[in-house]
Amino acid sequence: MATSVNTFTARRERLTELLMQVVAFMAALAFALGVGSLIILGYHDSPIAVYSAVVKFSFGSLDGFSRMLVIATPLIFSALAVSVCYKAAMFNIGVEGQYLVAMAVATIAAAHFGFLGVLQFPVVLVFAMIGGMGYAAIPAVLKVKTGAHEVVTTIMLNGVAVSLVAWALRGPLKFTDASGAFNVNLRSDLFPNSAMAPNLGHLLGVGTDVPLNLLLPIGIGCSALVWFLLKRTRLGYEARAVGSSPGSARAGGISIGAVQIKVFLISGALAGLVGMQQILGLNNYLPLNYEAGLGFTGIAVAFLGQNNPFGIIAAAIMWAVLSRGQDAILIETSVPVEIIIILQAILILTVVIAFQVAKRQIARRRLRLAGVQDQDFDDADEEAA
């Protein structure tokens with residue numbers, strides 16, 4: 001009987017804490033929208049009209065909804081890569097460089113392994129993860145062996161990655177077949193269809209015009225795997241222990257260096273999937289004018305999702321909605337498009353503050369309940385005596 005009561009109480013407390021976090025997020029969102037409304041009013045436009053245009057561009061049609069999900073897909077991988085390291089008290093700013101190198105490594109398999117047929121696409125993903133892991137291993141080993149801070153080393157390696165990709169596209173990865181064109185932008189050879197991510201646009205009735213593909217469910221699956229890793233495995237426990245208290249973790253027999261390297265490699269593998277939307281979904285080649293900045297955006301999305309694997313999915317979708325909203329503002333309103341950047345900044349700031357306040361309230365509530373329970377046990381002992 002006592003076990004059932006304790007289980008019910010624990011579930012009720014978890015539900016209460018979840019509700020407090022939801023309230024914190026809604027309060028942060030309301031504050032950000034309120035500040036944005038004041039700015040919009042300063043431009044003599046209607047906040048309702050502006051926000052309606054932003055929402056309509058992502059949810060007003062299946063085409064817009066699909067394109068929004070396409071934008072969110074690489075952000076899920078990027079934010080997961082950041083969050084995994086953050087759980088172990090490390091800050092992987094090198095996701096940017098890791099996914100650039102991964103695109104180049106994946107291009108090797110995508111351009112030259114056509115003989116694999118239907119197996120080529122998963123093999124390309126494996127090559128991408130290996131490329132990201134290999135490049136992430138450099139700052140990981142430097143941190144463990146020399147004490148070099150990962151923020152410094154990853155920032156420097158981001159610049160090196162840009163040069164490596166540029167060298168590869170001018171050398172070993174440069175196109176050998178111009179496909180009959182006299183003027184071809186610097187890029188790799190075209191990939192066969194077997195290397196491309198299977199399109200899922202038909203599921204939403206938008207066809208192949210929208211590059212919604214298998215990478216989205218893969219990203220959602222990775223979120224579930226990261227949650228399982230952090231919550232249900234020994235490595236996840238050790239990573240959280242190292243992140244919470246390195247001294248206590250070391251005293252408990254945990255090898256901090258080994259945990260940091262393993263976590264960094266997992267982060268690199270996730271980072272390696274960030275650029276796959278570009279070369280296996282949007283294009284069928286690696287261009288020199290690839291989209292940069294996804295690694296840094298992933299940091300913002302990770303903070304917005306509070307480094308929770310499932311919160312990251314929601315945060316990536318929210319970020320994608322705002323990104324789509326830039327087109328809506330340009331087309332349907334007179335407000336400068338920079339209002340979206342302001343909203344993103346305010347939202348991140350307010351969400352971080354609101355969740356910190358909520359976490360402190362939850363911690364105080366736990367301590368208060370623990371104190372009440374201890375008092376009840378003391379009273380019961382006195383009555384028994």
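Me: How many Å does helix 4 (residues 95-112) reach from its first C-alpha to its last?

Reply: This is a predicted model, in which local features need pLDDT of at least 70, side-chain atom pairs count only at pLDDT 80 or more, and totals for chains, interfaces and linings use all residues. Residues are numbered from 1 along each chain as its sequence is written, and side-chain values use heavy atoms, with hydrogens and water left out. Helices here are DSSP runs of H or I with at least four residues, numbered from the N terminus. Helix 4 has 18 residues, and at 1.5 Å a residue (times one less than the number of residues) the expected span is 26 Å, to which its reach is close, at 26 Å.

Me: Is Ser-37 buried or exposed?

Reply: Ser-37 sits in helix 1 (residues 2-42) and, leaving aside residues up to four places away in sequence, touches Pro-47 and Tyr-51, where contact means heavy atoms within 4.5 Å. Buried means under 20% relative accessible area, exposed over 50%, and partly exposed in between, with a 1.4 Å probe and protein chains only. The relative accessibility of Ser-37 is 16%, so Ser-37 counts as buried.

Me: How are helix 3 and helix 13 oriented to each other?

Reply: Helix 3 (residues 62-87) and helix 13 (residues 309-332) pack at an angle of about 135°, with their axes 7 Å apart; axes are lines fitted to C-alpha atoms over the stretch in contact, and angles run from 0 to 180 degrees between N-to-C directions. Angles under 35 degrees count as roughly parallel, over 145 as roughly antiparallel, 65 to 115 as roughly perpendicular and the rest as oblique. Helix 3 and helix 13 are therefore oblique.

Note on methods
Helices (H or I, at least four residues) and strands (E, at least two) are DSSP runs, numbered from the N terminus.
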